[in-house]
Amino acid sequence: MRIDYHSRVPQAQSHREAVLGLIRDLGRPVSVDEIRDGLRQTGIGTATVYRIVNRAVEEGAVAKVELPGAAARFEPADLPHHHHFECDACKRVYDVPGCAKGVSSLAPEGFAVESHEIILRGTCRDCTGVAV
């Protein structure tokens, strides 16, 4: 029996487009499970989502967001410098635009800060029930 792999390319491309589109459209870092659940109607599986996001990270289209004790999240790689907020209740992660001033001055004297990451934790708007 001969398998025609070329007939699978359009579906693979549509899955890739769907995954990358969802990552961009949600506007916050999302986990593989959130991506799979968001695209459930396409029939995409967890392994396929992992393959797509890992390749997109390698290609520089997607950035991997790693928070201690949490599953990796993914967001567009072309976002300006920012930080993250993790909700303790629902475990969603949100972007925090901008950066605190003077972070480098927190380093001990004689140390050179090359990069930094700030993670805020608490309860998100949806979980506190606060309307904007």
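This is a short talk on one predicted protein model, covering its overall layout, one helix, its salt bridges and two single residues.

I'll start with the layout. The protein has four helices and six strands. If you follow the sequence from start to end, the order is α-β-α-α-β-β-β-β-β-α. There are 132 residues, and 24% of them count as buried. The accessible surface is about 9000 Å², with 52% of that belonging to carbon and sulfur atoms. Now take the contacts in the protein with a separation of 6 or more: 49% of those are between residues 24 or more positions apart.

Next, helix H3. H3 covers residues 46-59. From its first C-alpha to its last, H3 reaches 20 Å with 14 residues, which is close to the 20 Å expected at 1.5 Å a residue.

Which residues of H3 are buried? They are Val49, Ile52, Val53 and Ala56. Looking down the axis of H3, you find these buried residues within an arc of 90°, so they line one face of the helix. The general background is that an α-helix has 3.6 residues a turn, so residues three or four places apart point the same way. On the face of H3 turned away from the buried side, you find the exposed residues Arg51 and Glu58. Just after H3 comes Gly60, which takes a positive phi of about 85°.

H3 also holds a salt bridge, which brings me to the next topic. As a general point, side chains of opposite charge can pair when their charged atoms come close. How many salt bridges does a search of the whole structure find? It finds ten. I will go through three of them.

The pair in H3 is Arg55 and Glu59, whose side chains meet at 3.8 Å, N to O. Arg55 and Glu59 are four residues apart in the helix, so about one helical turn separates them. Glu59 is partly exposed, at a relative accessible area of 46%.

There is also a network. Asp33, Arg36, Asp37 and Arg40 are joined into one by salt bridges that share partners. One of the bridges here is between the side chains of Asp37 and Arg40, at 2.6 Å, N to O. Of these two residues, Asp37 is partly exposed at 37% relative accessible area, while Arg40 is exposed at 55%.

The third bridge is between the side chains of Arg73 and Glu34, at 3.8 Å, N to O. What does this pair tie together? Arg73 is in strand S3, residues 73-76, and Glu34 is in helix H2, residues 32-38, so the bridge ties together parts that are 39 residues apart in sequence. Is Arg73 buried or exposed? Arg73 counts as buried, with 6% relative accessibility. Its partner Glu34, at 21%, counts as partly exposed. The cut-off for buried is under 20%, so Glu34 falls outside that class.

Now to the first of the two single residues, His84. His84 sits in strand S4, which runs over residues 82-87. With a relative accessible area of 8%, His84 is buried. Which side chains make polar contacts with the side chain of His84? One is the side chain of Glu75, at 3.3 Å. Another is the side chain of His82, also at 3.3 Å. Leaving aside residues up to four places away in sequence, His84 touches a list of residues that includes Pro29, Val65, Val93, Tyr94, Ile118 and Leu120. Glu75 is on that list too.

The second residue is Lys91. Where is Lys91 placed? Lys91 is in the loop between S4 and strand S5, and S5 covers 93-97. Lys91 is partly exposed, at a relative accessible area of 44%. A polar atom of the Lys91 side chain lies 3.2 Å from the backbone oxygen of Asp88. Not counting residues up to four places away in sequence, Lys91 touches Arg73 and Glu86. That is the Arg73 from the salt bridge with Glu34. One distance to finish this part: the C-alpha atoms of Lys91 and Ala71 are 9.8 Å apart, with their positions 20 residues apart along the chain.

To recap, H3 has its buried residues on one face, the structure has ten salt bridges, and His84 in strand S4 is buried.

Definitions and conventions: Residues are numbered from 1 along each chain as its sequence is written. This is a predicted model: local features need pLDDT of at least 70, side-chain atom pairs count only at pLDDT 80 or more; totals for chains, interfaces and linings use all residues. Side-chain values use heavy atoms; hydrogens and water are left out. A salt bridge is a side-chain nitrogen of Lys or Arg within 4 Å of a carboxyl oxygen of Asp or Glu. Helices (H or I, at least four residues) and strands (E, at least two) are DSSP runs, numbered from the N terminus. Buried means under 20% relative accessible area, exposed over 50%, partly exposed in between (1.4 Å probe, protein chains only). A polar contact is a pair of N or O atoms within 3.5 Å; within protein, one must be able to donate a hydrogen and the other to accept it, and residues adjacent in sequence count only if both atoms are side-chain atoms. Contact means heavy atoms within 4.5 Å. Accessible areas come from the Shrake-Rupley method with a 1.4 Å probe; for residues, only the protein chains shown count as cover. The expected span of a helix is 1.5 Å times one less than its number of residues. The arc is that of the directions from the helix axis to the C-beta atoms.
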